[in-house]
Structure formats: structure tokens, C-alpha cells
Amino acid sequence: MVIEPIGPALKEELLTHIDERGQVTVRCHFDSADFNLIRIWRSTYLVCYDTGHRSELLHADGIAIAPQWMPVLPGSAALFTLVFAPLPKECSAFDLVEDIPQAGGFHVAGIGRNRRDMYEVAI
């Protein structure tokens, strides 16, 4: 299943209410030198350094959900947004971990926490 892009109204609502709902938004940038196929698994989490808490993936925009694949052409980039459940208040840093039963899962270590809980990472 390919996730359809969210409309401007829903995107604005998500961005407006992030602080109220405590969601964590991670915008991901994947550069492709060669032809690649990418996807995100529902078993993708934010893992808090301080507590070990795992915040689950709630929504993905701009990327295919496993088992589907999304092509990324040579010399291009994929930009996608992941929305997660809240992190604990005491969390000061976390990892983005795609916990999958094969090699090649996304992993971004040592993301420092900020007040807005909105992040941009290169994958």
C-alpha cells in the first residue's frame, strides 16, 4: 500500500496541533546516487536514550509502507514525513530505529530533543 500525500488542510492541522497533542514529527531526506527502492515499516520507533521508551509510528507521508516499495531514481532525493507518538518529558535525545527482520533498516542515532518536537534528518 502506498501512502497518499496528505492534503494542505490536514498538513496544516498536524503542524498546528503538534505541541498540543505531543506528537513528534520527523522529516526525512534520502539522497540516491543510484536507483533505490525504499519503504518504511510500521515497526519504526523513536527510542529515548534516557528511558528506553519506544514511541510508535502513527503516520507516514511521502513514502511507501512495507511490503510496498517506492522507487528513488539516480541523482534524486525522497522527502518524507513520519509522525510518532509522544516521547517522555524527561527524554533529552533519541534514535530513529526501523526495527525490521532484515538488513538495511533506517537508523539515525543521537537526535537531540528540541522544544517543538519537529526534526529533520538525512537517512
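Contact here means heavy atoms within 4.5 Å. In the predicted model, in which local features need pLDDT of at least 70, side-chain atom pairs count only at pLDDT 80 or more, and totals for chains, interfaces and linings use all residues, residues 24 or more positions apart account for 71% of the contacts with a separation of 6 or more. Residues are numbered from 1 along each chain as its sequence is written, and side-chain values use heavy atoms, with hydrogens and water left out.

The protein has one helix and nine strands, taken as DSSP runs numbered from the N terminus (helices, H or I, at least four residues; strands, E, at least two), and from the N terminus on the helix precedes the strands in the order α-β-β-β-β-β-β-β-β-β. Of the 123 residues, 42% are buried, where buried denotes under 20% relative accessible area, exposed over 50%, and partly exposed in between (1.4 Å probe, protein chains only).

The largest nonpolar core, a set of buried Ala, Val, Leu, Ile, Met, Phe, Trp, Tyr and Cys residues joined through side-chain atoms within 4.5 Å, holds 28 residues, of which Val 26, Ile 38, Leu 82 and Leu 96 touch the most other members. Among the elements that give two or more residues to this core are β1 (24–32), β6 (76–84) and β7 (93–98). Leaving out residues up to four places away in sequence, Leu 96 touches ten residues that include Val 26, Leu 46, Leu 82, Phe 106 and Ile 111.

Thr 81, found in strand β6, is buried, with a relative accessible area of 13%. Its side chain makes a polar contact of 3.2 Å with the side chain of Arg 27, a polar contact being a pair of N or O atoms within 3.5 Å, of which, within protein, one must be able to donate a hydrogen and the other to accept it, while residues adjacent in sequence count only if both atoms are side-chain atoms. Beyond its neighbours within four places in sequence, Thr 81 is in contact with Thr 25, Val 26, Arg 27, His 59, Ala 60 and Asp 61.

Two backbone features were found in loops. Most residues other than glycine have a negative phi, and most peptide bonds are trans. The peptide bond from Ala 66 to Pro 67, however, is cis, with omega near 20°, and Pro 67 lies in the loop between β4 and β5. Asp 117, in the loop between β8 and β9, has a positive phi near 55° and counts as buried because its relative accessibility is 8%.
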